[in-house]
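This report treats the contact between two chains, the relation between the copies, and one helix pair.

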There are 2 protein chains.
Amino acid sequence: MARRGLLLILSSPSGAGKSTLARRLMQWDPTIRFSVSATTRPPRPGEEHGVHYWFHHHASFRALVDQNGMLEHAEVFGNLYGSPRAPVERAMAEGRDTLFDVDWQGGQQIRNSPLGRDVVSVFILPPSIAELERRLRDRGQDSDAVISGRMAKSRDEISHWAEYDYVLVNDDLEATFVRLQAIVTAERLKRDRQPDLTGHVRGLNREFEAR
Amino acid sequence: MARRGLLLILSSPSGAGKSTLARRLMQWDPTIRFSVSATTRPPRPGEEHGVHYWFHHHASFRALVDQNGMLEHAEVFGNLYGSPRAPVERAMAEGRDTLFDVDWQGGQQIRNSPLGRDVVSVFILPPSIAELERRLRDRGQDSDAVISGRMAKSRDEISHWAEYDYVLVNDDLEATFVRLQAIVTAERLKRDRQPDLTGHVRGLNREFEAR
């Protein structure tokens, strides 16, 4: 019997290292499935349907929400974003963990969903705000105005750190990744996440009987 | 502010690798304190007071129990065994974890004590009973009668595996040790075990204010 897969929620302000950590986690264990978000925002150049996002028209997104097809969804800057439910439930049944890169609103909704008992949530904090801003500027993708907007959103995001099971301060990417690995490894070893143990102990008891 | 130390409970039938794992855990992190048991059984050659056991007369052991000085205690083959409370509370206050090598009865009592919220309990299962017996025989310390007694106690011990937070099947000592390290690492990263985070986030907010 496969264990139920975990729902790994990773949240952080942008620039705290979350995307890098998520990518490394999936390189470490390719059975971890990344939850590709659905969105009504139009694709940017190079973005692929089903890889970067599931691109939807407003009406089809709404229809999915109405059919209970989204584990969580929210409107951000006029666009809808959400996590489709069906692929998550398939992965769980196969004993595969799903990784969610969502903000605190998404985290709250998934935690409060019927799948909430399998949630493990991790919040990544930056060592300092100066460092957070430096990382955003070093990416060189964003204008000053966009960076200001991101910093305001960061403050809001950080205010929700205390809702998460685990908190990591990412002052060193390698050390933080090792900690994140430890969290995933440990959560999988919890007794109630190892359905095969019952059979193993039954086997041990049969051996005792046969002595 | 130091975090409160954890109470790490390690239980297993004898021969499952618990003592080796405990020793390796303390080599890995020398801040982990081993809870030396108190006992009324007479010292064997080479055993030192305060290292292998705290040796007590029956009356002084009983007096400690009456003064609530034992976190747990039990009678085994006519001798009393117990875990003194005071050194555990000192270690916890200093943010040091304490490692307990106790059986299921000790585990239950510590879990149900006022310090129970800081307990993390790990049960080590053998890959098979044949392997468990082989390891006991390979030690070459015990007569057939003693090994029979240990095997009967093992069966009783294994019947309590489902009371533990985490369960490890020790089919490979190195892999099992890495898993045990992950459990300790992860438990220390739980949000409510990191009192310093509140100050860290206050610092981040001051940085936001000053921008």
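## Contact between the chains

Two residues are in contact if their C-beta atoms, placed from the backbone, lie within 7 Å. The model is predicted: local features need pLDDT of at least 70 and side-chain atom pairs pLDDT 80 or more, whereas totals for chains, interfaces and linings use all residues. Residues are numbered from 1 along each chain as its sequence is written, and chains are lettered from A and ligands numbered from 1 in the order in which they are written.

Chain A and chain B each bring 29 residues to the contact. On the side of chain A that touches chain B, at least two residues each come from helix H5 (129-139), helix H6 (144-158), strand E9 (166-169), helix H7 (173-188) and helix H8 (196-210); helices (H or I, at least four residues) and strands (E, at least two) are DSSP runs, numbered from the N terminus. H8(A) gives the most, with six residues.

## Relation of the copies

Chain A is superposed on chain B by a rotation of 180 degrees with 0.0 Å of shift along its axis (RMSD 0.0 Å), using least squares on the C-alpha atoms of residues with pLDDT of at least 70 in both. The two copies are thus related as by a two-fold rotation axis. Ala182(A) is the residue of chain A that comes closest to this axis, at 2.2 Å (C-alpha). The copies meet through the same surface, because 100% of the interface residues of chain A are also interface residues in chain B.

## A helix pair in chain B

In H5(B), the residues Leu132(B), Glu133(B), Leu136(B) and Arg137(B) meet Ile147(B), Arg150(B), Met151(B) and Ser154(B) of H6(B).
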